[in-house]
Every structure is written in C-alpha cells, then in structure tokens.
Amino acid sequence: MTVGSFLKEPLQGKTSLSRVFWLYGVLGSVLYSALELFLNPSNEAVMRAYVFGGLIFSLYVTVATYQCAMNCGSAFLGRWVRVSALISLLLLPVIAYLTLAGVLTFDLPALDSERMPE
C-alpha cells in the first residue's frame, strides 16, 4: 500500500469503518496530539498553524468516516455515523474559531508564593 492510496481510499469509501475509526481517527489523533509536545506554546504563529493542521486533520477524518460509514454490517449504524459526521462538520468551524479566539484555552493560574497557604 502506498502513501497515496493510504490517504485516498478512506475518502473514496473503500476502507472499513472500523479501520477509519481506530487507525485514522483514534491513532491519528493521538499521534497529532503528541506533536504538540514538541511545540513552543509561547510562539503564537506555531500554535495557530497547529490548530489549522488539527482542523484539516479533523476534516479529513470526518469526511473519511462519512464516506466509509456504510461499510459496516448495520445499516442503522451506518446512518447514525453519517449523521454524526455531518454534525461534526458543522461544529468544526465553530470549535476552530473558539480555539483561535482563545476561548478554549485551559491555562492554570500562576502560583504565587505569597498567596500559598502555609
């Protein structure tokens, strides 16, 4: 299998739903999230590029999931996955906007040695 076919087949609906979910969705998300460990969080341009890369990756996985949804044994599950993928596609721009606007940051308050209980 070439890299091109590895990336194209899910978008063409030629991959099993379980493979798209586990390999591309779960493992891909873990690997992409691990990439953040090597980034400098104070560099705003790098973090914005990371968010845009995550948006593109999420878009790819969501479209691939939609395309491969009917490759499972259950027609009900296939329809449910397609509806879920459509909802995700609608929410992706909202989540990206909130992330880039800084609304979805989880900064811990700085510890002040003067205010620390003894």
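**Contacts, rings and helices in a predicted model**

Once neighbours within four places in sequence are set aside, Thr15 is in contact with Glu9, Pro10, Val20, Cys68 and Asn71. The structure examined here is a predicted model, and Thr15 makes a handy place to start reading it. This residue sits in the loop between α1 (3-11) and α2 (17-35). With a relative accessibility of 6%, Thr15 counts as buried, because the cut-off for that label is under 20%. Its C-alpha atom is separated by 8.6 Å from that of Ala64, a residue 49 places away along the chain.

A second threonine can be read in the same manner. Thr65 has its place in helix α3, and its relative accessible area of 17% makes it buried. Residues up to four places away in sequence not being counted, Thr65 touches Leu17, Val20 and Val81. Val20 also appears among the contacts of Thr15.

Helix α2 comes next. Its 19 residues should span 27 Å at 1.5 Å a residue, and the end C-alpha atoms are 25 Å apart, which agrees. The helix does bend, by about 30°, at Gly28. Gly28 is itself buried, as are Leu17, Val20, Tyr24, Gly25 and Tyr32 of α2. What do these buried residues pack against? Their partners are α1, α3 and α4. A general point helps when looking along any such helix: an α-helix has 3.6 residues a turn, so residues three or four places apart point the same way.

The aromatic rings offer another view of the fold. A pair of rings is described by the distance of the centres and the angle of the planes. The count of aromatic pairs comes to five. In one of them, Phe21 and Trp22 have ring centres 4.9 Å apart and planes at 90°, so this pair is edge-to-face. Phe21 is partly exposed, at 46% relative accessibility, while Trp22 is exposed, with a relative accessible area of 55%. Another pair joins Tyr24 and Tyr60, whose ring centres are 6.2 Å apart; the planes stand at 50°, so the pair is tilted. This pair links distant parts of the chain, for Tyr24 belongs to helix α2 and Tyr60 to helix α3 (residues 44-68), 36 residues apart. Both Tyr24 and Tyr60 are buried. Together with Phe6, these two tyrosines form one aromatic cluster. A ring can also have a charged partner: Arg82 lies over the face of Tyr66, at 4.4 Å from the ring centre.

Helix α4 (residues 75-100) can be followed from one end to the other. At its start, a side-chain oxygen of Ser74 reaches to within 3.3 Å of the backbone nitrogen of Phe76. The helix has 26 residues and reaches 37 Å from its first C-alpha to its last, close to the 38 Å expected at 1.5 Å a residue. Where does α4 bend? The bend, of about 35°, is at Leu91, and a proline, Pro93, follows within four residues. Gly78, Val81, Ala85, Leu92 and Ala96 are buried in this helix, and the buried residues of α4 pack against α2 and α3. Val81 has already been met as a contact of Thr65. After α4 comes Gly102, with a positive phi near 85°.

Definitions and conventions
Residues numbered from 1 in each chain as written. Predicted model: local features only at pLDDT ≥ 70, side-chain atom pairs only at ≥ 80, totals over all residues. Heavy atoms only, no water. Helix = DSSP H or I, 4+ residues; strand = E, 2+ residues; numbered from the N terminus. Buried < 20%, exposed > 50% of the residue type's maximum accessible area, 1.4 Å probe, protein only. Contact = heavy atoms within 4.5 Å. Phe/Tyr/Trp six-rings, centres within 6.5 Å; stacked < 30°, edge-to-face > 60°. Lys NZ or Arg CZ within 6 Å of the ring centre and 35° of its normal. Expected span 1.5 Å × (residues − 1). Bend = angle between axes of the 7 residues up to and from the residue. Polar contact = N/O pair within 3.5 Å; in protein donor to acceptor, adjacent residues only side chain to side chain.
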